[in-house]
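Hi,

Here's the structure I said I'd pass along. Have a look at it first, and then read on for my notes.

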Amino acid sequence: MNKKSRLLIVLAVLALCFAFLWPSINWYTRTPKEVQALALGSLENIKDYASVRAAAEVKDLVALVKDTPDAELTKDQEWLKKAAKKNFTLAEKKMPSPLTLKEAIASFPSRQELVSVIESRYRDEILHAKKQYQNSIKLGLDLSGGMNVIVKADLDAVLNSMTEAGVSYDVETTKADAMARAVERLTSRIDRFGLSSPTIRQQGEDRIYIELPGSAEADQINSIIQGSAILNFRLVDNEATNAFNTYYFSHMDSTFDSQGRLINPDAIQGLNPAENEVLGYYSTDAYGLDQREGYLVVKKEVALEGKHIKSATVGSEDITGKPQVNFTLDPDGAEIFGTFTGAHVGENLAIVSDNKIKSNARIQTAITGGQVAITGFSANEAQNLRKVLQTAQLDVPLTVESQQVIGASLGEKAIHEGFFAIVFGLCAIMLFMLIWYKGAGVNACLAQILNLYIMFSILSAFNLTITLPTIAGIILTIGMAVDANVIIFERIKEERRLGKDRAASISSGFDNAFWAIMDSNITTFIAALFMSQLGTGSIQGFAVSLAIGVCSTVFTALVVSRLLFDFNTETIHKKNISIGWRIK
């Protein structure tokens with residue numbers, strides 16, 4: 001490989017690594033602390049924050065227009081100018097120049113349109129920061145503090161309950177569905193409680209691993225995990241819903257607090273807090289996330305509990321062929337549901353899951369016999385509702401098997417110690433290389449710095465977590481990287497002693513050292529590969545960082561270091577080699 005090819009490869013690798021590392025740089029150095037705190041919160045909290053801020057900003061803009069009708073747009077309001085330009089284009093009107101704040105606001109068809117545009121600005125900013133965090137290097141629990149929980153799912157109880165209900169099932173499919181629903185339920189609950197960036201994944205056949213960075217109360221976590229899924233049917237109060245919506249659109253910035261609770265329920269006419277409550281009406285977007293479409297007022301009294309559902313499927317209407325959700329009730333549920341629907345024909349019935357309204361359907365007639373069909377959905381909406389209805393059928397009893405809380409003070413101390421170990425080890429090795437190998441030691445130092453740069457870039461690219469074992473693997477890599485350079489330098493010195501010139505000594509030195517370096521690193525990589533596959537926890541973290549370090553070490557020693565030698569030989573035209581005290 002010639003010098004030009006090596007240079008292009010090195011530049012390409014450095015550019016790619018910078019792209020991998022950019023989310024981490026952006027998150028840890030460029031994202032304000034207040035935005036970080038919002039981005040680490042739940043999606044529900046982000047929505048509430050964005051909507052409240054948007055409503056407050058619109059209120060301030062309207063007040064400013066009243067005080068100063070001729071006020072022009074400022075540089076910070078360039079976003080409003082772009083939105084107004086789009087509005088004028090859609091209305092086939094010419095945009096005034098200069099554009100005043102009053103004219104920009106008037107270009108929106110409604111106040112709600114303006115609120116929506118401003119809300120999207122806040123939402124996009126926070127979700128962009130959240131995406132940066134998800135694509136950046138994260139600190140493990142041993143560094144940042146938090147809680148580690150392993151939950152056991154009682155799958156036998158699920159199978160027994162279905163057997164007692166007389167429902168036919170496939171054992172493996174039912175277990176897989178039950179675990180998937182349990183993971184989905186825990187993810188929804190933990191995110192809704194505002195616990196930042198949880199890691200939740202299935203471990204083995206019947207266990208769920210949960211990692212919660214930051215501070216969290218053990219009792220609160222246990223209540224979230226062990227609580228049963230809440231699924232029920234409740235009557236919608238349409239009159240109270242209309243009254244609430246009228247109030248809400250006039251007081252969007254003061255209806256709910258930051259936790260989504262009503263600030264002044266007594267101010268809403270027709271809303272009786274003792275009998276009714278306001279819940280969000282949600283649909284599932286293309287990403288599988290709950291998206292709030294609005295609010296409904298429902299009765300607190302439960303018409304039918306979800307435990308009476310035996311099965312749920314998606315079918316199609318006989319005449320139109322449109323999707324419909326069919327579910328079957330047990331005998332007790334069929335009797336309760338038949339009586340209730342007969343008494344409330346023409347009213348709306350909501351399906352509530354974990355205090356979120358998933359469906360709002362009108363009761364057309366009394367539904368008897370336990371066979372229920374709900375229509376008016378798209379294919380995706382029907383599938384999502386089927387999953388919701390199966391929550392009761394596949395309600396998995398969960399128990400906390402192990403729980404470990406790691407204090408943040410331990411994490412802060414570990415971070416400082418690990419950082420000191422890396423810096424001290426790197427500086428000590430670089431100092432030795434500069435003293436012992438003189439000018440060639442500079443090449444080794446640059447290769448070491450690039451080695452760490454590449455390692456952290458790969459960690460960021462794969463969204464890996466840095467733990468104490470990961471730091472140990474990085475420190476070991478530093479020593480191994482120097483070992484490769486030492487082998488090359490000693491080979492070059494041997495060739496120089498034989499009387500060869502600079503170019504021949506460097507070429508022969510790298511050629512003779514190639515297989516020695518490859519053999520040692522390949523065997524280390526194989527060991528790291530086995531540890532990552534057979535080990536667990538901290539062993540895996542150490543093995544992964546070691547495997548990444550082996551790859552970056554080979555690249556920097558054989559490609560980067562060779563490029564630096566060739567640059568001094570062919571571009572600067574050096575004749576001697578500064579590679580030792582008695583070697584020239």
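To start with the overall picture: the protein has 18 helices and 15 strands. Keep in mind that this is a predicted model. Of its 584 residues, 44% count as buried. The accessible surface comes to about 30,400 Å², and carbon and sulfur atoms account for 56% of that. As for how the chain packs against itself, take the contacts between residues at least 6 apart in sequence: 72% of these join residues at least 24 apart.

Next, have a look at helix α1, which covers residues 3-30. Where does α1 bend? That happens at L21, by about 40 degrees, and a proline, P23, follows within four residues. Both L21 and P23 are among the buried residues of α1. The others on that list are R6, V10, C17, S24, N26 and W27. What covers them? The cover includes α2 (33-39) and α6 (111-134), along with two helices from much later in the numbering, α15 (439-461) and α18 (538-571).

One single residue to click on is K175, which sits in helix α9 (residues 171-192). Is K175 buried or exposed? With a relative accessible area of 17%, K175 counts as buried, because the cut-off for that is under 20%. Leaving aside residues up to four places away in sequence, K175 touches L155, L159 and E205.

That's what I have so far. Happy browsing!

Definitions and conventions: Residues are numbered from 1 along each chain as its sequence is written. This is a predicted model: local features need pLDDT of at least 70, side-chain atom pairs count only at pLDDT 80 or more; totals for chains, interfaces and linings use all residues. Side-chain values use heavy atoms; hydrogens and water are left out. Buried means under 20% relative accessible area, exposed over 50%, partly exposed in between (1.4 Å probe, protein chains only). Contact means heavy atoms within 4.5 Å. Accessible areas come from the Shrake-Rupley method with a 1.4 Å probe; for residues, only the protein chains shown count as cover. The bend at a residue is the angle between axes fitted to the seven residues ending there and the seven starting there.
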